[in-house]
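Reader: I work at the bench and would like a close look at a single part of this model, with every cut-off spelled out as you go. Could you take me through it slowly, and then set it beside the charged contacts found elsewhere?

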Amino acid sequence: MSRDFAKKGRAPARRTSSSSTSATPPWLWFVAGLVLGAFAASLYFIKNPVAAPAPKEEPKPKVTENKTPKPRFDFYKLLQESETIVPASETINEEKPAQEQTTEYILQVGSFPRAEDADKLRAQLILLNLDANIEKVEIRKGEVWHRVVVGPFNNQNELTSARSQLVKNEYNALVLKRAKTK
């Protein structure tokens, strides 16, 4: 037999009793318990304070001498033997004939352990129309550095113009005096 569900009567809506709406929710009891517990704990710790442990005196560490040898720097001696840094106020003696001059002046723009870095700087200086060269110098046994130098200069005017051009292009250079190589 078939049934007609469309005409089926509906069940009456359930009504909640008025006593259940006045019940306290459980989360409120939880919060009240936390507040009362914190209050009780604070009263306990106020009446019975915990004594802080006395700080322990740590034994003073013994001072031990550092027995590692101090590093030795040999480059101070090497530089004094080979070249001299010229103060900016010193002038090149132009009164002597060219045959009697035994020293020459150069500008050291950079010093690199890798030849590629020195070559890049040399190329930049050549683009500034300066006579730049690379000199290989052995500092210690097996340690080779590549110095980028401009010069040599025989008179003060050439040295000053080259130095001013380097400063204008933001290159720092050392003026070095050494015995003539040629």
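Author: Phenylalanine 45 counts as partly exposed, at 48% relative accessibility, where buried means under 20% relative accessible area, exposed over 50%, and partly exposed in between, with a 1.4 Å probe and protein chains only. The model is a predicted one, in which local features need pLDDT of at least 70 and side-chain atom pairs count only at pLDDT 80 or more, while totals for chains, interfaces and linings use all residues. Residues are numbered from 1 along each chain as its sequence is written, and side-chain values use heavy atoms, with hydrogens and water left out.

A search of the whole structure finds 1 aromatic pair. Tyrosine 44 and phenylalanine 45 form this pair, which is edge-to-face, with 5.4 Å from centre to centre and 75 degrees between the planes; rings of Phe, Tyr and Trp (its six-membered ring) pair if their centres lie within 6.5 Å, and planes under 30 degrees apart count as stacked, over 60 as edge-to-face and the rest as tilted.

The part to look at closely is helix α2, residues 26–47, helices being DSSP runs of H or I with at least four residues, strands runs of E with at least two, both numbered from the N terminus. At 1.5 Å a residue its 22 residues should span 32 Å, and its end C-alpha atoms are 32 Å apart, which agrees; the expected span is 1.5 Å times one less than the number of residues. Helix α2 is hardly covered, for the count of buried residues among its 22 residues is 0.

Leucine 34 lies in helix α2, and with Trp27, Leu28, Phe30, Val31 and Val35 Leu34 makes a nonpolar surface patch of about 640 Å². Patches are made of residues with over 30% relative accessible area and no salt bridge, like charges being joined within 9 Å and nonpolar side chains (Val, Leu, Ile, Met, Phe, Trp, Tyr) within 5 Å, and the areas come from the Shrake-Rupley method with a 1.4 Å probe, where for residues only the protein chains shown count as cover.

As for the charged contacts, a search of the whole structure finds 2 salt bridges, each a side-chain nitrogen of Lys or Arg within 4 Å of a carboxyl oxygen of Asp or Glu. Arginine 114 meets glutamate 116 at 3.5 Å, N to O, and also pairs with aspartate 117, the closest N and O atoms being 3.7 Å apart, and Arg114, Glu116 and Asp117 are thus linked in a network. Arginine 114 is partly exposed at 45%, as are glutamate 116 at 47% and aspartate 117 at 26%.
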